[in-house]
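Please examine the structure shown below. The report that follows treats the chain contact, the annotated residues and one further site in turn.

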Number of protein chains: 2
Amino acid sequence: MSTAPKIISENRCFGGTVGFYSHHSQTCNSKMRFAVYQPPKAKSERVPVLYFLSGLTCTEENFMAKAGAQKFAAKYGLMLVAPDTSPRDTGIPGENDDWDFGTGAGFYVDATVEPWSEHYQMYSYVVEELPAIIAQHFPAQIDHQGIFGHSMGGHGALICALRNPEQYTSVSALAPIAAPTQCPWGKKAFTNYLGEDEENWDIYDASELVLTVGYKRPILIDQGTADPFLEKQQLLPGIFAQACEKAGVPLTLRFQEGYNHSYYFISSFVEDHIRHHAAALKL
Amino acid sequence: MSTAPKIISENRCFGGTVGFYSHHSQTCNSKMRFAVYQPPKAKSERVPVLYFLSGLTCTEENFMAKAGAQKFAAKYGLMLVAPDTSPRDTGIPGENDDWDFGTGAGFYVDATVEPWSEHYQMYSYVVEELPAIIAQHFPAQIDHQGIFGHSMGGHGALICALRNPEQYTSVSALAPIAAPTQCPWGKKAFTNYLGEDEENWDIYDASELVLTVGYKRPILIDQGTADPFLEKQQLLPGIFAQACEKAGVPLTLRFQEGYNHSYYFISSFVEDHIRHHAAALKL
């Protein structure tokens with residue numbers, strides 16, 4: 001039994017509540033924070049849960065403050081859960097030196113290389129510890145869960161769903177890092193968190209995973225055509241699309257003309273994504 | 001003729017564009033920034049304009065990033081314009097000392113007291129210079145304008161509309177500072193910007209203005225019951241309601257149970273406000 005998360009703040013929103021919480025994570029061996037939106041329906045009954053994993057530099061706040069998702073979570077009766085993107089203030093030397101590694105950049109992997117391995121266990125945190133806390137302390141239907149995310153968090157959502165198809169009923173992503181073992185961000189993070197041996201990287205690469213484990217349910221991905229990180233070959237949705245084609249995975253990849261990598265892009269399509277998850281969760 | 005505002009960034013959003021701009025303001029004798037959302041309809045024709053005035057500490061960004069208004073502005077074909085809340089980096093000693101006065105706290109008045117009067121002319125900036133720039137450089141129907149705002153910006157929207165009923169077809173406010181001459185924030189700002197003589201304050205107090213100039217069109221105000229600044233007597237919507245009753249002004253004041261002063265409150269009701277303005281603008 002985990003101790004109850006400490007409430008940082010709670011805010012009424014679309015008839016429900018956006019709350020921010022902190023707790024001691026056994027998995028990460030540090031304090032962790034997360035945000036939860038409880039829709040109005042959760043006042044009277046348990047509701048399905050949709051996790052959102054954020055991108056580089058984000059905290060648990062960005063999605064709740066900027067995506068405009070609460071309106072649609074309220075409509076469909078979905079709980080939204082958004083964890084922070086890494087442990088913080090762990091004392092690891094250099095944790096704050098880079099914006100694309102360390103603090104705010106956990107990459108949703110379980111680090112195996114010292115000193116990161118002592119705290120950076122974001123994969124297990126997201127897949128195991130966080131759902132257990134949500135199940136215990138919030139009115140959640142823990143057998144009805146979906147997951148989505150943006151950029152680094154789109155990568156996270158895809159690998160969590162591909163590796164745990166029984167746990168997550170639905171998955172989608174906005175501008176995900178879709179082939180991290182082949183892009184600069186991913187290579188840097190995986191080298192430092194997982195070591196030089198690239199064989200250990202594939203279980204955290206959606207494009208590799210799709211080829212080895214497959215996936216039977218529909219995946220929705222939106223990608224802006226004016227996204228500067230698309231041009232810089234950080235996202236590589238085409239590699240993921242090729243892998244899905246080869247593996248017979250039902251992917252819908254939509255290139256959205258003129259949209260960039262910002263929350264102005266996310267907010268424009270978040271309704272579609274929540275509808276995708278609501279349909280899979282039979283809401 | 002003003003020189004064209006400089007583009008800081010532009011972001012596709014709900015089929016339109018959120019842009020951030022800077023320009024030299026003749027009125028404020030300094031650089032000023034503002035944000036504009038152009039809905040999809042503005043690509044082919046001129047559209048009505050809805051101004052949003054932000055609260056203490058905000059910039060031109062908060063509303064565009066957090067309110068979730070673009071979806072509804074796109075639906076109704078409304079341009080959204082959000083100015084910054086004050087000049088910045090003017091060099092006035094002490095401009096950054098307080099969060100509720102100076103930078104980020106222009107209070108939408110034309111300061112008459114030195115040294116603030118050299119730059120802090122936010123009333124004239126919002127009512128005159130900014131609309132002229134919008135008319136000249138954006139596809140705006142400048143004879144179809146509405147205005148709304150939050151907190152300090154709700155105060156600003158109310159005084160702009162009450163003093164210029166021919167210019168603004170519609171007005172609404174979220175948790176406005178509704179009687180600034182009677183609350184601590186207003187007294188501090190007005191004393192410093194306008195001087196000790198309280199007779200000069202009334203033209204910037206919505207509750208006083210309603211009694212002297214009246215108002216014929218419907219005013220919509222939403223106020224959260226869990227707003228800490230309501231309890232601290234900073235907002236005083238009841239005084240405004242009493243004045244409207246006395247003056248026969250068609251006010252709808254809605255107390256929203258459990259909502260606080262944050263953007264989680266604003267985003268929950270922004271659709272209602274945009275619908276209020278769209279109806280007045282016959283959209």
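## Contact between the chains

In this predicted model, chain A and chain B each bring 25 residues to their contact. About 1900 Å² is buried between chain A and chain B, and carbon and sulfur atoms give 48% of that area. On the side of chain A, the residues that lose the most area to chain B are A:R12, A:F14 and A:Y264, which together make up 37% of what that side buries.

Polar interactions also link the chains. There are four salt bridges between chain A and chain B, and 12 residue pairs are in polar contact, counting pairs in which both residues have pLDDT 80 or more. One salt bridge joins the side chains of A:E257 and B:R12, at 3.6 Å from N to O. Five elements of chain A each supply at least two residues to the side that touches chain B: strand 1 (6–13), strand 2 (16–25), helix 1 (62–66), helix 2 (70–76) and helix 9. Helix 9 of chain A gives the largest share of that side, with five residues.

## Residues annotated as active site

An unreviewed UniProt entry lists A:S151, A:D227 and A:H261 under "active site". These residues span 111 residues in sequence, yet no two of their C-alpha atoms are more than 10.8 Å apart, so they gather at one spot. Of the listed residues, A:S151 and A:H261 are included in the lining of the largest pocket.

A:H261 lies in the loop between strand 9 (251–256) and helix 9 (263–280) of chain A. Its relative accessibility is 13%, and A:H261 is therefore counted as buried, the cut-off being under 20%. The side chain of A:H261 makes a polar contact of 2.9 Å with the side chain of A:S151. Beyond four places in sequence, A:H261 touches A:H150, A:S151, A:A175, A:D227, A:P228, A:F229 and A:L235.

A:D227 is placed in the loop between strand 8 (219–224) and helix 7 (228–231) of chain A. With a relative accessible area of 2%, A:D227 is buried. Apart from neighbours within four places in sequence, its contacts are A:A175, A:L235, A:Y259, A:N260 and A:H261.

## A buried tryptophan in a loop

A:W116 belongs to the loop between strand 5 (79–83) and helix 3 (122–137) of chain A. A:W116 counts as buried, at 9% relative accessibility. Leaving out residues up to four places away in sequence, A:W116 touches A:I92, A:P93, A:G94, A:E95, A:F101, A:G102, A:A111, A:N192 and A:Y193. A:F255 is 139 residues from A:W116 along the chain, and 36 Å separates their C-alpha atoms.

Definitions and conventions:
Residues numbered from 1 in each chain as written. Chains lettered and ligands numbered in written order. Predicted model: local features only at pLDDT ≥ 70, side-chain atom pairs only at ≥ 80, totals over all residues. Heavy atoms only, no water. Helix = DSSP H or I, 4+ residues; strand = E, 2+ residues; numbered from the N terminus. Buried < 20%, exposed > 50% of the residue type's maximum accessible area, 1.4 Å probe, protein only. Contact = heavy atoms within 4.5 Å. UniProt positions renumbered as here; feature names shortened; annotations may be inferred. 1 Å grid on protein atoms, 1.4 Å probe; cavity = no way out; pocket = protein on both sides within 12 Å on 5 of 7 lines; lining within 4 Å. Polar contact = N/O pair within 3.5 Å; in protein donor to acceptor, adjacent residues only side chain to side chain. Buried area = accessible area lost by both parts, 1.4 Å probe.
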